[in-house]
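Please open the model in your viewer and keep the selection panel at hand. The tour moves from the whole chain to one strand and then to one residue.

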Amino acid sequence: MKVLVAYASRHGATAGIAKRIAERMKASGVDAVAEEVTGLRDVSAYDAYVVGSAAYMFRWLKEATRFVKRNARTLEERPLWLFSSGPTGTDLVDEKGRDIFEAMRPKEFETFRNLAPIDTKVFFGAWKGNEEPKGAAERFLNLMPESWKEDIPVGDFRDWDAIDAWADEIAAYLTGPTA
Ligand SMILES: Cc1cc2nc3c(=O)[nH]c(=O)nc-3n(C[C@H](O)[C@H](O)[C@H](O)COP(=O)(O)O)c2cc1C
């Protein structure tokens, strides 16, 4: 059972989550490997896929979206899980009182519903706040008043327990009696 954990990351937070998922699955006896989407071409040799991206302005990074579209026929035929690394901070509800993980679901979870992922998951992310802007969303933020930046809490909020628990669920699905 070979599993590909494919990810897109601007500043490393999502890469860390993807690597952790692969490591955790390996500990459960699943042959999982984490790879950045941009380096991947033919991915048909894997039995199952976990695909994740950082979310900026409610969207996945383009390279992650392109990866899924390019490999849609393979991904839809085999077990697939999607995750997003996004909200920073520790608040479990947003300013409107909505569940933060529901409110921050990236648009792509809807777009890729036709691929019938077994689960879609949003994790808390990380943001250093002082990094060189790497994409349009960050350049836009830099042009805005300081108060806008305060809406994106600075720190590493990745919830390793939640990430491990999700990786364990995936491993259990792939190695369980119905696999
Ligand atoms: C300009 C900007 C916009 C962001 N927009 C979102 C968003 O729409 N949804 C979300 O969940 N997180 C958003 N974030 C938080 C990032 O997704 C989070 O920091 C993520 O973990 C970064 O991952 P990376 O280091 O792999 O790029 C935003 C961060 C910045 C700086």
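Two strands are taken to pair if DSSP finds at least two bridges between them. Helices (H or I, at least four residues) and strands (E, at least two) are DSSP runs, numbered from the N terminus. This is a predicted model, in which local features need pLDDT of at least 70 and side-chain atom pairs count only at pLDDT 80 or more, while totals for chains, interfaces and linings use all residues. Residues are numbered from 1 along each chain as its sequence is written, and side-chain values use heavy atoms, with hydrogens and water left out.

**The whole chain**

Begin with the entire chain, which holds eight helices and eight strands. Its C-alpha atoms fill a box of roughly 55 × 30 × 25 Å along the principal axes. Of the 179 residues, 42% are buried; buried means under 20% relative accessible area, exposed over 50%, and partly exposed in between (1.4 Å probe, protein chains only). Contact means heavy atoms within 4.5 Å. Among contacts between residues at least 6 apart in sequence, 79% join residues at least 24 apart.

**Strand 3 and its partners**

Next, select residues 48-56, which form strand 3. How many of its nine residues are buried? Seven are, so the strand is largely enclosed by the rest of the structure.

Add residues 2-8: this is strand 1, which runs parallel to strand 3 and is joined to it by six bridges. To see one such pair, display Tyr-7 with its bridge partner in strand 3, Gly-52.

Now add residues 80-86, strand 5, which pairs with strand 3 in the parallel sense over six bridges. Here Val-51 has Leu-82 of strand 5 as its bridge partner.

Then select residues 59-60, strand 4, which is antiparallel to strand 3 and joined to it by two bridges. Ala-55 stands opposite Trp-60 of strand 4. Strands 3 and 4 form a hairpin with two residues between them. Inspect Met-57 in the turn, where phi is positive, at about 55 degrees.

**Ser-84**

Finally, return to strand 5 and select Ser-84, which lies within it. Is Ser-84 buried or exposed? Its relative accessible area is 1%, so Ser-84 is buried. Leaving aside residues up to four places away in sequence, show what Ser-84 touches: Ser-53, Ala-55, Trp-60, Pro-106, Phe-109, Lys-121, Val-122 and Phe-123. Among them are Ala-55 and Trp-60, the two residues that stand opposite each other in strands 3 and 4.
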